[in-house]
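I opened this entry to keep track of what I looked up, one item at a time. The structure goes in below, and my notes follow.

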Amino acid sequence: MNADELIMVEGCRKGDADARKQLYTQYAEQMLAVCYRYTGNLDDAHDVLHDGFIKIFTHFTFRGDSALKSWMYKVMSAQAIDFMRRKHANGLQLMDNEELPDLPDVDEKAVMAEARGIDEETLMNMVAQLPEGCRMVFNLFVFEDKSHKEIAELLHIQPDTSKSQFRYAKSLLAKKIKQYVEHEGER
Amino acid sequence: MKEKDDFSALFQSLGEAKMPVKEGFWEDLEKDLSAVMATPMEEVTAKRAVLRPIYRRWVAAASVLLVLALGSVAFWYLNSQEQDMQQAFSELSAKLETSPESNLPEADTPIIYNNSHQIVSNSHSNNTQATGHGRSSSKIMTPGLVAASLGDTEAEADDDDDEMVPVEVTFQIIERGYFQGGQPNNGLTNASNGNLVSGESNETATAVAVNGKKKSGWALKPAFGTSLPKGEYNMPLTAGMTVERKLNNTLAVEAGLLYNYMPVHNDENQSSLSLPVKLGVNLAEGKKVDVYATVGGVVEKLLGKSFSEEPVQLAATAGLGVRYKFTDNLAVYAEPSLSHYFDTDGTTRTLRTEQAVNVNLLCGVRMSY
(Lines give C-alpha, C1' and ligand atoms only; values in the text may rest on other atoms or scores of the structure.)
Protein backbone atom coordinates (compact mmCIF):
# COMPACT_ATOMS: atom_id res chain seq x y z
CA MET A 1 0.00 0.00 0.00
CA ASN A 2 1.46 3.34 -0.98
CA ALA A 3 1.47 6.46 1.18
CA ASP A 4 -1.51 8.07 -0.58
CA GLU A 5 -3.58 4.96 -0.09
CA LEU A 6 -2.59 4.80 3.58
CA ILE A 7 -3.75 8.37 4.11
CA MET A 8 -6.97 7.58 2.29
CA VAL A 9 -7.57 4.50 4.45
CA GLU A 10 -6.92 6.42 7.65
CA GLY A 11 -9.26 9.15 6.44
CA CYS A 12 -12.02 6.64 5.70
CA ARG A 13 -11.51 5.11 9.12
CA LYS A 14 -12.00 8.51 10.69
CA GLY A 15 -15.00 9.28 8.51
CA ASP A 16 -13.31 11.98 6.45
CA ALA A 17 -15.56 13.01 3.53
CA ASP A 18 -12.68 13.69 1.11
CA ALA A 19 -11.12 10.32 1.76
CA ARG A 20 -14.46 8.64 1.13
CA LYS A 21 -14.90 10.46 -2.13
CA GLN A 22 -11.40 9.47 -3.15
CA LEU A 23 -12.08 5.81 -2.34
CA TYR A 24 -15.33 5.93 -4.25
CA THR A 25 -13.76 7.55 -7.30
CA GLN A 26 -10.96 5.02 -7.32
CA TYR A 27 -13.04 1.87 -7.03
CA ALA A 28 -16.69 2.53 -7.88
CA GLU A 29 -16.51 1.44 -11.53
CA GLN A 30 -14.64 -1.74 -10.74
CA MET A 31 -17.02 -2.58 -7.93
CA LEU A 32 -20.05 -1.96 -10.13
CA ALA A 33 -18.71 -4.57 -12.54
CA VAL A 34 -18.42 -7.02 -9.64
CA CYS A 35 -21.99 -6.31 -8.58
CA TYR A 36 -23.24 -6.65 -12.14
CA ARG A 37 -21.59 -10.02 -12.58
CA TYR A 38 -23.46 -11.30 -9.52
CA THR A 39 -26.84 -9.69 -10.01
CA GLY A 40 -27.05 -9.84 -13.82
CA ASN A 41 -29.02 -6.61 -13.77
CA LEU A 42 -27.68 -3.07 -13.85
CA ASP A 43 -30.31 -1.59 -11.53
CA ASP A 44 -29.75 -4.30 -8.95
CA ALA A 45 -26.01 -3.84 -9.37
CA HIS A 46 -26.34 -0.16 -8.49
CA ASP A 47 -28.42 -1.05 -5.44
CA VAL A 48 -25.75 -3.48 -4.26
CA LEU A 49 -23.04 -0.93 -4.97
CA HIS A 50 -24.92 1.65 -2.92
CA ASP A 51 -25.42 -0.66 0.07
CA GLY A 52 -21.85 -1.93 -0.24
CA PHE A 53 -20.39 1.56 -0.03
CA ILE A 54 -22.66 2.46 2.89
CA LYS A 55 -21.38 -0.63 4.65
CA ILE A 56 -17.77 0.20 3.81
CA PHE A 57 -18.05 3.77 5.04
CA THR A 58 -19.96 3.01 8.20
CA HIS A 59 -18.13 -0.16 9.10
CA PHE A 60 -14.62 0.33 7.87
CA THR A 61 -12.97 -2.84 9.13
CA PHE A 62 -10.07 -2.90 6.68
CA ARG A 63 -6.94 -3.84 8.61
CA GLY A 64 -4.31 -3.96 5.93
CA ASP A 65 -4.04 -7.76 6.02
CA SER A 66 -4.75 -7.83 2.28
CA ALA A 67 -4.86 -5.34 -0.55
CA LEU A 68 -7.55 -2.69 -0.20
CA LYS A 69 -9.05 -3.71 -3.53
CA SER A 70 -9.32 -7.34 -2.42
CA TRP A 71 -11.07 -6.28 0.75
CA MET A 72 -13.55 -4.12 -1.14
CA TYR A 73 -14.08 -6.92 -3.60
CA LYS A 74 -14.88 -9.22 -0.71
CA VAL A 75 -17.33 -6.76 0.84
CA MET A 76 -19.11 -6.18 -2.47
CA SER A 77 -19.39 -9.85 -3.36
CA ALA A 78 -20.71 -10.62 0.15
CA GLN A 79 -23.18 -7.78 -0.27
CA ALA A 80 -24.25 -9.13 -3.66
CA ILE A 81 -24.76 -12.64 -2.28
CA ASP A 82 -26.81 -11.23 0.59
CA PHE A 83 -28.82 -9.20 -1.90
CA MET A 84 -29.60 -12.26 -3.98
CA ARG A 85 -30.59 -14.20 -0.90
CA ARG A 86 -32.90 -11.42 0.22
CA LYS A 87 -34.36 -11.22 -3.24
CA HIS A 88 -35.30 -14.85 -3.06
CA ALA A 89 -36.43 -15.46 0.48
CA ASN A 90 -36.85 -19.17 -0.24
CA GLY A 91 -33.27 -19.54 -1.40
CA LEU A 92 -31.38 -19.07 -4.63
CA GLN A 93 -32.98 -20.32 -7.79
CA LEU A 94 -30.82 -23.32 -8.39
CA MET A 95 -31.94 -26.00 -10.74
CA ASP A 96 -31.56 -29.52 -9.43
CA ASN A 97 -28.98 -31.67 -11.14
CA GLU A 98 -31.76 -33.66 -12.78
CA GLU A 99 -33.36 -30.51 -14.16
CA LEU A 100 -30.23 -29.25 -15.87
CA PRO A 101 -30.60 -29.69 -19.63
CA ASP A 102 -28.01 -31.77 -21.42
CA LEU A 103 -25.52 -29.62 -23.23
CA PRO A 104 -22.62 -30.87 -25.32
CA ASP A 105 -19.24 -30.98 -23.64
CA VAL A 106 -17.25 -27.85 -24.15
CA ASP A 107 -14.32 -28.00 -26.51
CA GLU A 108 -12.35 -25.54 -24.46
CA LYS A 109 -9.54 -25.05 -26.94
CA ALA A 110 -11.93 -24.25 -29.75
CA VAL A 111 -13.90 -21.86 -27.56
CA MET A 112 -10.74 -20.18 -26.38
CA ALA A 113 -9.66 -19.64 -29.95
CA GLU A 114 -13.05 -18.22 -30.90
CA ALA A 115 -13.31 -16.03 -27.82
CA ARG A 116 -10.01 -14.20 -28.24
CA GLY A 117 -11.54 -11.42 -30.26
CA ILE A 118 -14.54 -10.86 -28.02
CA ASP A 119 -14.48 -7.65 -26.04
CA GLU A 120 -14.74 -7.43 -22.26
CA GLU A 121 -18.21 -5.92 -22.20
CA THR A 122 -19.66 -8.73 -24.29
CA LEU A 123 -18.08 -11.38 -22.09
CA MET A 124 -19.42 -9.56 -19.06
CA ASN A 125 -22.94 -9.58 -20.49
CA MET A 126 -22.65 -13.27 -21.23
CA VAL A 127 -21.86 -13.96 -17.58
CA ALA A 128 -24.63 -11.65 -16.42
CA GLN A 129 -27.15 -13.48 -18.59
CA LEU A 130 -26.42 -16.86 -17.04
CA PRO A 131 -29.24 -18.34 -14.93
CA GLU A 132 -29.04 -17.10 -11.38
CA GLY A 133 -27.77 -20.21 -9.64
CA CYS A 134 -25.00 -21.09 -12.02
CA ARG A 135 -24.05 -17.41 -12.32
CA MET A 136 -23.40 -17.30 -8.59
CA VAL A 137 -21.41 -20.52 -8.66
CA PHE A 138 -19.44 -19.37 -11.71
CA ASN A 139 -18.58 -16.03 -10.10
CA LEU A 140 -17.50 -17.60 -6.84
CA PHE A 141 -15.44 -20.29 -8.54
CA VAL A 142 -13.73 -18.16 -11.18
CA PHE A 143 -13.42 -14.75 -9.55
CA GLU A 144 -13.42 -15.46 -5.84
CA ASP A 145 -11.26 -18.56 -6.23
CA LYS A 146 -13.56 -20.59 -4.01
CA SER A 147 -13.60 -24.36 -4.11
CA HIS A 148 -16.85 -26.21 -4.72
CA LYS A 149 -16.87 -27.20 -1.07
CA GLU A 150 -16.61 -23.56 0.00
CA ILE A 151 -19.27 -22.51 -2.50
CA ALA A 152 -21.54 -25.24 -1.18
CA GLU A 153 -21.13 -23.92 2.37
CA LEU A 154 -21.72 -20.38 1.25
CA LEU A 155 -24.85 -21.03 -0.78
CA HIS A 156 -26.16 -23.85 1.42
CA ILE A 157 -26.05 -26.39 -1.36
CA GLN A 158 -24.24 -29.68 -1.94
CA PRO A 159 -20.71 -29.62 -3.42
CA ASP A 160 -21.94 -31.84 -6.25
CA THR A 161 -24.64 -29.31 -7.04
CA SER A 162 -21.99 -26.62 -7.21
CA LYS A 163 -19.93 -28.73 -9.62
CA SER A 164 -22.86 -29.45 -11.90
CA GLN A 165 -23.94 -25.82 -11.86
CA PHE A 166 -20.43 -24.78 -12.83
CA ARG A 167 -20.32 -27.30 -15.69
CA TYR A 168 -23.69 -26.04 -16.86
CA ALA A 169 -22.46 -22.44 -16.75
CA LYS A 170 -19.45 -23.36 -18.85
CA SER A 171 -21.60 -25.13 -21.43
CA LEU A 172 -23.93 -22.17 -21.67
CA LEU A 173 -21.07 -19.71 -22.05
CA ALA A 174 -19.47 -21.87 -24.74
CA LYS A 175 -22.77 -21.92 -26.61
CA LYS A 176 -23.12 -18.16 -26.29
CA ILE A 177 -19.57 -17.58 -27.52
CA LYS A 178 -20.18 -19.85 -30.49
CA GLN A 179 -23.42 -18.08 -31.36
CA TYR A 180 -21.77 -14.71 -30.98
CA VAL A 181 -18.86 -15.65 -33.22
CA GLU A 182 -21.21 -17.09 -35.84
CA HIS A 183 -23.36 -13.99 -35.69
CA GLU A 184 -20.38 -11.71 -36.01
CA GLY A 185 -19.09 -13.79 -38.92
CA GLU A 186 -22.31 -13.28 -40.82
CA ARG A 187 -22.05 -9.50 -40.48
CA MET B 1 -8.27 -29.28 -4.73
CA LYS B 2 -9.74 -26.58 -6.90
CA GLU B 3 -9.72 -27.51 -10.53
CA LYS B 4 -8.29 -24.91 -12.87
CA ASP B 5 -8.99 -24.71 -16.54
CA ASP B 6 -8.28 -22.43 -19.44
CA PHE B 7 -11.93 -21.61 -19.80
CA SER B 8 -12.03 -20.10 -16.33
CA ALA B 9 -8.83 -18.24 -17.09
CA LEU B 10 -10.50 -16.67 -20.12
CA PHE B 11 -13.09 -15.01 -17.91
CA GLN B 12 -10.73 -14.13 -15.11
CA SER B 13 -9.71 -11.03 -17.00
CA LEU B 14 -13.20 -9.73 -16.20
CA GLY B 15 -12.07 -9.42 -12.60
CA GLU B 16 -10.44 -6.14 -13.59
CA ALA B 17 -13.38 -4.94 -15.66
CA LYS B 18 -14.98 -1.56 -15.05
CA MET B 19 -18.44 -0.26 -15.73
CA PRO B 20 -19.56 3.37 -15.75
CA VAL B 21 -21.65 4.30 -12.73
CA LYS B 22 -24.88 6.15 -13.43
CA GLU B 23 -25.04 9.93 -13.08
CA GLY B 24 -25.69 11.37 -9.64
CA PHE B 25 -24.88 8.12 -7.87
CA TRP B 26 -22.25 9.68 -5.58
CA GLU B 27 -24.54 12.54 -4.60
CA ASP B 28 -27.32 10.11 -3.66
CA LEU B 29 -24.85 7.95 -1.80
CA GLU B 30 -23.48 10.92 0.12
CA LYS B 31 -26.99 11.99 1.09
CA ASP B 32 -27.96 8.51 2.25
CA LEU B 33 -24.69 8.16 4.09
CA SER B 34 -25.37 11.34 6.05
CA ALA B 35 -28.80 10.03 6.99
CA VAL B 36 -27.40 6.70 8.07
CA MET B 37 -24.57 8.28 10.03
CA ALA B 38 -27.10 10.37 11.94
CA THR B 39 -28.53 7.26 13.55
CA PRO B 40 -27.03 6.21 16.87
CA MET B 41 -26.26 2.74 15.55
CA GLU B 42 -23.91 4.06 12.96
CA GLU B 43 -22.39 6.54 15.37
CA VAL B 44 -21.44 3.63 17.54
CA THR B 45 -20.02 1.81 14.55
CA ALA B 46 -18.03 4.82 13.45
CA LYS B 47 -16.60 5.35 16.91
CA ARG B 48 -15.54 1.74 17.12
CA ALA B 49 -13.83 1.97 13.78
CA VAL B 50 -11.49 4.66 15.09
CA LEU B 51 -9.76 2.17 17.36
CA ARG B 52 -6.86 0.71 15.44
CA PRO B 53 -7.29 -2.97 14.60
CA ILE B 54 -4.03 -3.99 16.22
CA TYR B 55 -5.20 -2.55 19.54
CA ARG B 56 -8.52 -4.31 19.25
CA ARG B 57 -6.71 -7.62 18.93
CA TRP B 58 -4.49 -6.88 21.87
CA VAL B 59 -7.46 -5.91 24.00
CA ALA B 60 -9.24 -9.12 23.06
CA ALA B 61 -6.18 -11.25 23.78
CA ALA B 62 -5.53 -9.43 27.06
CA SER B 63 -9.10 -10.02 28.20
CA VAL B 64 -8.83 -13.75 27.61
CA LEU B 65 -5.42 -13.89 29.30
CA LEU B 66 -6.73 -12.00 32.29
CA VAL B 67 -9.51 -14.50 32.78
CA LEU B 68 -7.13 -17.43 32.47
CA ALA B 69 -4.68 -15.84 34.91
CA LEU B 70 -7.40 -15.16 37.49
CA GLY B 71 -8.64 -18.71 37.16
CA SER B 72 -5.14 -20.12 37.62
CA VAL B 73 -4.44 -17.99 40.70
CA ALA B 74 -7.74 -19.01 42.25
CA PHE B 75 -7.03 -22.67 41.59
CA TRP B 76 -3.52 -22.41 43.02
CA TYR B 77 -4.85 -20.61 46.09
CA LEU B 78 -7.44 -23.29 46.69
CA ASN B 79 -4.95 -26.10 46.35
CA SER B 80 -2.51 -24.59 48.83
CA GLN B 81 -5.32 -23.95 51.30
CA GLU B 82 -6.47 -27.55 51.13
CA GLN B 83 -2.96 -28.81 51.68
CA ASP B 84 -2.59 -26.59 54.72
CA MET B 85 -5.80 -27.89 56.17
CA GLN B 86 -4.89 -31.49 55.60
CA GLN B 87 -1.62 -30.89 57.34
CA ALA B 88 -3.37 -29.14 60.23
CA PHE B 89 -5.74 -32.03 60.68
CA SER B 90 -2.90 -34.54 60.64
CA GLU B 91 -1.15 -32.60 63.38
CA LEU B 92 -4.35 -32.30 65.34
CA SER B 93 -5.01 -35.99 65.13
CA ALA B 94 -1.51 -36.77 66.35
CA LYS B 95 -1.92 -34.46 69.33
CA LEU B 96 -5.27 -35.83 70.30
CA GLU B 97 -4.00 -39.37 70.31
CA THR B 98 -1.56 -38.43 73.03
CA SER B 99 -4.15 -36.73 75.26
CA PRO B 100 -5.05 -38.37 78.63
CA GLU B 101 -8.05 -40.62 78.63
CA SER B 102 -8.86 -39.75 82.21
CA ASN B 103 -10.81 -36.82 80.98
CA LEU B 104 -13.25 -38.89 79.02
CA PRO B 105 -16.82 -38.34 79.96
CA GLU B 106 -19.17 -40.93 81.13
CA ALA B 107 -21.98 -39.54 79.21
CA ASP B 108 -21.75 -39.19 75.51
CA THR B 109 -21.66 -35.68 74.28
CA PRO B 110 -21.67 -35.14 70.55
CA ILE B 111 -19.78 -32.39 68.92
CA ILE B 112 -21.90 -30.53 66.52
CA TYR B 113 -20.33 -29.16 63.43
CA ASN B 114 -22.63 -26.70 61.89
CA ASN B 115 -22.82 -24.33 58.98
CA SER B 116 -21.24 -21.53 60.90
CA HIS B 117 -17.99 -23.43 61.27
CA GLN B 118 -18.44 -23.89 64.99
CA ILE B 119 -17.69 -26.81 67.17
CA VAL B 120 -20.27 -27.10 69.88
CA SER B 121 -20.39 -29.43 72.79
CA ASN B 122 -23.86 -30.51 73.68
CA SER B 123 -24.38 -32.37 76.91
CA HIS B 124 -28.13 -32.46 76.80
CA SER B 125 -28.50 -35.53 74.78
CA ASN B 126 -27.40 -39.03 75.46
CA ASN B 127 -27.92 -39.87 71.89
CA THR B 128 -24.62 -40.94 70.44
CA GLN B 129 -25.76 -40.97 66.84
CA ALA B 130 -24.34 -38.41 64.54
CA THR B 131 -26.81 -35.80 63.48
CA GLY B 132 -26.75 -34.88 59.85
CA HIS B 133 -26.90 -31.17 60.30
CA GLY B 134 -26.78 -30.83 63.99
CA ARG B 135 -29.21 -27.99 64.07
CA SER B 136 -32.34 -29.99 64.47
CA SER B 137 -31.83 -31.34 67.93
CA SER B 138 -28.92 -29.48 69.29
CA LYS B 139 -28.23 -26.11 70.68
CA ILE B 140 -26.25 -24.06 68.26
CA MET B 141 -23.74 -21.66 69.68
CA THR B 142 -23.25 -18.23 68.36
CA PRO B 143 -19.76 -17.33 67.20
CA GLY B 144 -19.22 -15.34 70.35
CA LEU B 145 -19.68 -18.38 72.51
CA VAL B 146 -17.16 -20.49 70.73
CA ALA B 147 -13.81 -20.70 72.37
CA ALA B 148 -11.05 -23.10 73.44
CA SER B 149 -7.77 -24.00 71.91
CA LEU B 150 -7.02 -27.13 70.02
CA GLY B 151 -3.49 -26.83 71.15
CA ASP B 152 -4.67 -27.26 74.69
CA THR B 153 -6.50 -30.52 75.06
CA GLU B 154 -6.80 -29.91 78.76
CA ALA B 155 -9.66 -27.53 78.34
CA GLU B 156 -11.45 -26.20 81.31
CA ALA B 157 -13.90 -28.61 82.85
CA ASP B 158 -17.39 -27.57 83.52
CA ASP B 159 -19.71 -29.46 85.78
CA ASP B 160 -22.81 -27.79 84.59
CA ASP B 161 -24.37 -29.83 81.83
CA ASP B 162 -26.25 -26.86 80.52
CA GLU B 163 -23.21 -24.81 79.87
CA MET B 164 -21.36 -24.99 76.68
CA VAL B 165 -17.67 -25.32 76.71
CA PRO B 166 -15.77 -22.86 74.63
CA VAL B 167 -13.56 -24.25 71.94
CA GLU B 168 -11.18 -22.13 70.00
CA VAL B 169 -10.23 -23.27 66.59
CA THR B 170 -6.96 -22.04 65.27
CA PHE B 171 -7.71 -22.86 61.67
CA GLN B 172 -10.75 -22.69 59.48
CA ILE B 173 -12.89 -25.73 59.18
CA ILE B 174 -14.67 -25.80 55.92
CA GLU B 175 -18.10 -27.15 55.18
CA ARG B 176 -16.96 -29.60 52.63
CA GLY B 177 -16.71 -32.14 55.35
CA TYR B 178 -13.35 -33.36 56.40
CA PHE B 179 -15.30 -35.26 59.02
CA GLN B 180 -16.82 -37.89 56.88
CA GLY B 181 -19.69 -39.85 58.29
CA GLY B 182 -17.86 -43.03 57.54
CA GLN B 183 -14.62 -41.90 59.15
CA PRO B 184 -15.51 -41.00 62.67
CA ASN B 185 -12.27 -42.14 64.23
CA ASN B 186 -9.87 -40.11 62.26
CA GLY B 187 -10.24 -36.82 63.98
CA LEU B 188 -12.42 -35.09 66.47
CA THR B 189 -15.01 -37.53 67.63
CA ASN B 190 -16.28 -36.76 71.02
CA ALA B 191 -15.85 -34.29 73.77
CA SER B 192 -16.98 -33.71 77.22
CA ASN B 193 -16.31 -30.86 79.48
CA GLY B 194 -14.38 -29.21 76.81
CA ASN B 195 -11.91 -31.99 76.24
CA LEU B 196 -11.17 -33.09 72.76
CA VAL B 197 -10.22 -36.69 72.36
CA SER B 198 -9.31 -39.01 69.58
CA GLY B 199 -11.96 -41.35 68.34
CA GLU B 200 -9.83 -44.40 68.91
CA SER B 201 -9.79 -43.81 72.62
CA ASN B 202 -13.51 -43.59 72.98
CA GLU B 203 -16.03 -46.24 72.10
CA THR B 204 -18.73 -43.64 71.71
CA ALA B 205 -16.82 -42.20 68.88
CA THR B 206 -19.71 -42.28 66.46
CA ALA B 207 -20.98 -39.06 67.79
CA VAL B 208 -19.45 -36.86 65.22
CA ALA B 209 -22.00 -34.70 63.60
CA VAL B 210 -21.28 -33.84 60.07
CA ASN B 211 -22.67 -31.04 58.06
CA GLY B 212 -23.99 -33.14 55.23
CA LYS B 213 -22.01 -35.24 52.84
CA LYS B 214 -19.02 -33.87 51.02
CA LYS B 215 -19.85 -32.12 47.78
CA SER B 216 -17.81 -32.48 44.65
CA GLY B 217 -17.94 -28.77 43.92
CA TRP B 218 -19.33 -29.32 40.41
CA ALA B 219 -22.56 -27.85 39.22
CA LEU B 220 -24.49 -28.15 35.98
CA LYS B 221 -26.28 -25.07 34.72
CA PRO B 222 -28.78 -25.36 31.87
CA ALA B 223 -29.27 -21.79 30.71
CA PHE B 224 -31.48 -19.73 28.46
CA GLY B 225 -31.51 -16.03 27.87
CA THR B 226 -31.46 -13.09 25.54
CA SER B 227 -29.81 -9.75 24.77
CA LEU B 228 -31.06 -6.32 23.81
CA PRO B 229 -32.05 -5.83 20.14
CA LYS B 230 -30.60 -3.20 17.84
CA GLY B 231 -32.26 -1.82 14.73
CA GLU B 232 -33.14 -4.63 12.36
CA TYR B 233 -31.46 -7.14 14.66
CA ASN B 234 -34.15 -8.53 16.94
CA MET B 235 -33.69 -9.97 20.39
CA PRO B 236 -31.63 -13.13 20.14
CA LEU B 237 -32.50 -16.31 22.00
CA THR B 238 -29.76 -18.15 23.80
CA ALA B 239 -29.86 -21.68 25.15
CA GLY B 240 -27.18 -24.02 26.33
CA MET B 241 -25.40 -25.66 29.16
CA THR B 242 -22.50 -24.61 31.34
CA VAL B 243 -20.52 -26.46 33.96
CA GLU B 244 -19.36 -24.73 37.11
CA ARG B 245 -16.54 -25.83 39.34
CA LYS B 246 -16.42 -24.35 42.82
CA LEU B 247 -12.85 -23.50 43.72
CA ASN B 248 -13.56 -22.47 47.30
CA ASN B 249 -16.33 -20.72 49.21
CA THR B 250 -15.74 -17.54 47.25
CA LEU B 251 -14.58 -18.44 43.75
CA ALA B 252 -15.88 -20.64 40.98
CA VAL B 253 -15.00 -21.13 37.33
CA GLU B 254 -17.58 -21.80 34.70
CA ALA B 255 -17.46 -22.87 31.07
CA GLY B 256 -19.97 -24.22 28.61
CA LEU B 257 -21.54 -24.10 25.21
CA LEU B 258 -24.39 -21.80 24.20
CA TYR B 259 -26.41 -21.65 21.00
CA ASN B 260 -27.63 -18.22 19.93
CA TYR B 261 -30.49 -17.73 17.51
CA MET B 262 -30.37 -14.18 16.17
CA PRO B 263 -33.43 -13.19 14.12
CA VAL B 264 -32.96 -10.36 11.63
CA HIS B 265 -35.83 -8.27 10.35
CA ASN B 266 -36.25 -8.57 6.55
CA ASP B 267 -33.14 -10.66 6.23
CA GLU B 268 -31.85 -14.14 6.78
CA ASN B 269 -31.83 -15.10 10.44
CA GLN B 270 -28.45 -15.84 11.96
CA SER B 271 -27.21 -18.24 14.56
CA SER B 272 -23.99 -18.76 16.42
CA LEU B 273 -22.28 -20.98 18.93
CA SER B 274 -20.52 -19.38 21.85
CA LEU B 275 -18.13 -20.74 24.40
CA PRO B 276 -18.13 -18.71 27.61
CA VAL B 277 -15.42 -19.01 30.25
CA LYS B 278 -16.21 -17.14 33.44
CA LEU B 279 -14.89 -16.63 36.92
CA GLY B 280 -17.55 -16.25 39.58
CA VAL B 281 -17.04 -14.44 42.87
CA ASN B 282 -19.50 -14.88 45.73
CA LEU B 283 -20.50 -11.47 47.05
CA ALA B 284 -23.10 -12.47 49.62
CA GLU B 285 -24.35 -15.82 50.72
CA GLY B 286 -27.69 -16.19 52.48
CA LYS B 287 -29.76 -19.06 53.62
CA LYS B 288 -31.82 -18.97 50.45
CA VAL B 289 -30.31 -16.33 48.24
CA ASP B 290 -26.78 -15.87 46.99
CA VAL B 291 -25.43 -12.87 45.12
CA TYR B 292 -22.34 -13.20 43.00
CA ALA B 293 -20.39 -11.44 40.28
CA THR B 294 -18.97 -12.92 37.11
CA VAL B 295 -16.20 -11.83 34.78
CA GLY B 296 -14.92 -13.66 31.77
CA GLY B 297 -14.55 -14.06 28.05
CA VAL B 298 -16.58 -15.53 25.22
CA VAL B 299 -15.49 -17.09 21.96
CA GLU B 300 -18.30 -16.98 19.43
CA LYS B 301 -18.59 -18.42 15.92
CA LEU B 302 -21.25 -17.40 13.48
CA LEU B 303 -22.79 -20.52 11.97
CA GLY B 304 -23.26 -20.94 8.24
CA LYS B 305 -20.05 -19.11 7.43
CA SER B 306 -16.63 -20.65 7.06
CA PHE B 307 -13.78 -19.61 9.34
CA SER B 308 -12.13 -17.75 6.45
CA GLU B 309 -15.29 -15.75 5.82
CA GLU B 310 -16.19 -15.13 9.42
CA PRO B 311 -13.50 -15.85 11.98
CA VAL B 312 -14.41 -16.40 15.61
CA GLN B 313 -15.38 -13.31 17.53
CA LEU B 314 -14.07 -12.65 21.01
CA ALA B 315 -15.91 -10.85 23.75
CA ALA B 316 -15.31 -9.76 27.30
CA THR B 317 -18.19 -10.02 29.73
CA ALA B 318 -18.96 -9.03 33.30
CA GLY B 319 -22.13 -9.28 35.30
CA LEU B 320 -24.00 -9.93 38.49
CA GLY B 321 -25.93 -13.02 39.43
CA VAL B 322 -28.66 -13.85 41.89
CA ARG B 323 -29.27 -17.42 42.94
CA TYR B 324 -32.32 -18.70 44.82
CA LYS B 325 -31.70 -22.03 46.51
CA PHE B 326 -34.58 -24.47 46.79
CA THR B 327 -32.34 -27.08 48.36
CA ASP B 328 -28.62 -27.47 48.86
CA ASN B 329 -28.38 -28.98 45.41
CA LEU B 330 -30.99 -27.17 43.41
CA ALA B 331 -31.27 -23.48 42.70
CA VAL B 332 -32.49 -21.11 40.04
CA TYR B 333 -30.45 -18.15 38.95
CA ALA B 334 -30.57 -14.99 36.89
CA GLU B 335 -27.41 -13.37 35.54
CA PRO B 336 -27.66 -9.94 33.92
CA SER B 337 -24.37 -9.06 32.28
CA LEU B 338 -22.66 -6.56 30.05
CA SER B 339 -20.60 -7.83 27.14
CA HIS B 340 -18.29 -6.21 24.64
CA TYR B 341 -17.75 -7.96 21.33
CA PHE B 342 -14.52 -7.20 19.52
CA ASP B 343 -14.43 -6.63 15.78
CA THR B 344 -13.35 -9.37 13.42
CA ASP B 345 -12.06 -9.44 9.87
CA GLY B 346 -15.44 -10.69 8.73
CA THR B 347 -17.83 -8.63 6.66
CA THR B 348 -21.12 -10.07 7.86
CA ARG B 349 -23.18 -7.75 9.98
CA THR B 350 -24.70 -9.30 13.05
CA LEU B 351 -26.12 -8.07 16.31
CA ARG B 352 -22.64 -8.57 17.75
CA THR B 353 -21.07 -6.18 15.23
CA GLU B 354 -23.86 -3.62 15.26
CA GLN B 355 -24.25 -3.58 19.02
CA ALA B 356 -20.75 -4.34 20.25
CA VAL B 357 -21.63 -3.46 23.83
CA ASN B 358 -24.81 -5.19 24.86
CA VAL B 359 -26.82 -6.14 27.91
CA ASN B 360 -27.58 -9.81 28.29
CA LEU B 361 -29.69 -11.86 30.64
CA LEU B 362 -29.14 -15.53 31.33
CA CYS B 363 -31.48 -17.54 33.52
CA GLY B 364 -31.51 -21.16 34.42
CA VAL B 365 -31.30 -23.92 36.93
CA ARG B 366 -28.20 -24.76 38.90
CA MET B 367 -27.79 -28.37 39.93
CA SER B 368 -24.83 -28.98 42.21
CA TYR B 369 -23.33 -32.37 43.00
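Where is the kink in α2(A) centred, and about how many degrees is it? I looked this up first, bearing in mind that the model is predicted. The kink is centred on A:Y27 and comes to about 50°.

I then checked the end-to-end span of that helix. Helix α2 of chain A covers residues 17–39, and its end C-alpha atoms are only 29 Å apart. For a straight helix of 23 residues, at 1.5 Å a residue, I would have 33 Å. I also looked at what comes after α2(A): the residue is A:G40, and its phi is positive, near 70°.

Next I turned to the contact between the chains. I found 42 residues of chain A and 37 residues of chain B taking part. On the side of chain B that touches chain A, I noted three helices that each supply at least two residues: α1 (6–12), α2 (25–37) and α3 (40–50). Of the contributions to that side, the one from α2(B) is the most, at seven residues. I sorted the residues of this side of chain B by character and got 18 nonpolar, 11 charged and eight polar.

Last, I took some totals for chain B. I counted 12 strands and five helices in chain B. Of its 369 residues, 31% are buried. I also looked at the contacts in chain B between residues at least 6 apart in sequence, and 57% of these join residues at least 24 apart.

Terms used: Residues numbered from 1 in each chain as written. Chains lettered and ligands numbered in written order. Predicted model: local features only at pLDDT ≥ 70, side-chain atom pairs only at ≥ 80, totals over all residues. Contact = placed C-beta atoms within 7 Å. Helix = DSSP H or I, 4+ residues; strand = E, 2+ residues; numbered from the N terminus. Nonpolar A, V, L, I, M, F, W, Y, C, P; charged D, E, K, R; others polar. Expected span 1.5 Å × (residues − 1). Bend = angle between axes of the 7 residues up to and from the residue. Buried ≥ 20, exposed ≤ 12 C-beta atoms within 10 Å, placed from the backbone.
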